[in-house]
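Colleague: I would like a close look at a single part of this model. Please take me through the cavity and what surrounds it, in plain terms.

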Amino acid sequence: MASSVAPPAPTSTPAAAASGTLRRLYFVRFAFAVVWAALLFTTARTLGPLGATLLVIYPLFDVACAVVDLRSARAGRGPVRGLYANVALSTLTAGGLAAAVASGIPAVLRVWGAWAITAGLVQLLVGVLRRGMGGQWPMIASGAVSTLAGASFIAQASKDGASLGSLAGYAFLGGVFFLVSALRLGRTGPAARP
């Protein structure tokens with residue numbers, strides 16, 4: 001005779017685990033962005049060794065985060081193509097920035113602008129594909145803002161007195177989007193749904 005009591009539901013699914021990993025990753029990205037922006041802001045008018053190092057570290061950190069995100073997305077059967085694109089874009093950008101720092105702030109703004117546009121489009125696409133996880137609207141908005149900001153950086157590169165201060169503001173705002181997404185993901189992700 002079959003039991004009428006249903007077996008307990010599993011407490012963790014691959015999607016819930018991926019959502020938890022993504023939430024923690026977003027918190028780390030927020031903290032990194034805040035610290036990075038503060039450090040870059042202190043050197044925004046000149047391009048010395050600290051500023052150059054910070055500029056190259058940012059896309060390398062993005063690569064590391066994308067790799068963590070990629071592993072989590074594969075485990076949760078989420079979208080991964082955009083994440084591979086992000087790894088490639090950020091790796092190329094790190095190399096481009098390493099070369100651009102020798103040419104000055106305008107060259108850096110052009111490379112960063114191109115990265116912000118392309119990475120923003122990828123982030124927007126990945127956010128749209130992950131809508132079902134919850135907490136992705138800030139990432140979608142962040143991708144759109146990044147695309148617009150990238151065009152702005154390229155335009156700033158041709159003006160007198162170009163500064164890296166706008167990059168610090170961009171990184172800080174991006175960090176805020178990660179924080180909001182992490183908070184929303186905690187409330188609306190698969191783990192929180194009945």
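Modeller: What follows goes from the whole protein to the cavity, then to one residue of its lining and to one pair of helices.

Please keep in mind that this is a predicted model. The protein has 6 helices and 0 strands, so that from the N terminus on the order of elements reads α-α-α-α-α-α. Of the 194 residues in the protein, 43% are buried. Take the contacts between residues at least 6 apart in sequence: 77% of them join residues at least 24 apart.

Now to the part you asked about. The structure holds 1 cavity of 30 Å³ or more, and the space in the largest cavity comes to about 450 Å³. Its lining is made of 29 residues, and those that lie nearest the centre are Arg-29, Asp-62, Ala-119, Gln-123 and Phe-178. The elements that each give two or more residues to this lining are helix 1 (14–42), helix 2 (49–75), helix 3 (81–100), helix 4 (105–129), helix 5 (137–156) and helix 6 (165–188). Helix 4 supplies the largest share, with 8 residues. Sorted by class, the lining has 16 nonpolar, 9 polar and 4 charged residues.

Asp-62, one of the residues nearest the centre of the cavity, is found in helix 2. Is Asp-62 buried or exposed? The cut-off for buried is a relative accessible area under 20%. Asp-62 has a value of 7%, and therefore counts as buried. If its neighbours within four places in sequence are left aside, Asp-62 is in contact with Arg-29, Asn-86, Ser-90 and Trp-115. Of these, Arg-29 is also listed among the residues nearest the cavity centre, while Asn-86 and Ser-90 are in helix 3 and Trp-115 is in helix 4.

That leads to the pair formed by helix 3 and helix 4. Their axes are 10 Å apart, and the helices pack at an angle of about 175°. Angles over 145 degrees count as roughly antiparallel, so helix 3 and helix 4 are roughly antiparallel to each other. On the helix 3 side, the residues in this contact include Asn-86, Leu-89, Ser-90 and Thr-93. On the helix 4 side they include Trp-112, Trp-115, Ala-119 and Val-122. By class, the contact of helix 3 with helix 4 has 13 nonpolar, 6 polar and no charged residues. Ala-119 belongs to this contact and is also one of the residues nearest the centre of the largest cavity.

Terms used:
Residues numbered from 1 in each chain as written. Predicted model: local features only at pLDDT ≥ 70, side-chain atom pairs only at ≥ 80, totals over all residues. Heavy atoms only, no water. 1 Å grid on protein atoms, 1.4 Å probe; cavity = no way out; pocket = protein on both sides within 12 Å on 5 of 7 lines; lining within 4 Å. Points joined across faces, edges and corners; volume = space filled by probe spheres on them. Helix = DSSP H or I, 4+ residues; strand = E, 2+ residues; numbered from the N terminus. Nonpolar A, V, L, I, M, F, W, Y, C, P; charged D, E, K, R; others polar. Axes fitted to C-alpha atoms, helices over the stretch in contact; angles between N-to-C directions. Parallel < 35°, antiparallel > 145°, perpendicular 65-115°, else oblique. Contact = heavy atoms within 4.5 Å. Buried < 20%, exposed > 50% of the residue type's maximum accessible area, 1.4 Å probe, protein only.
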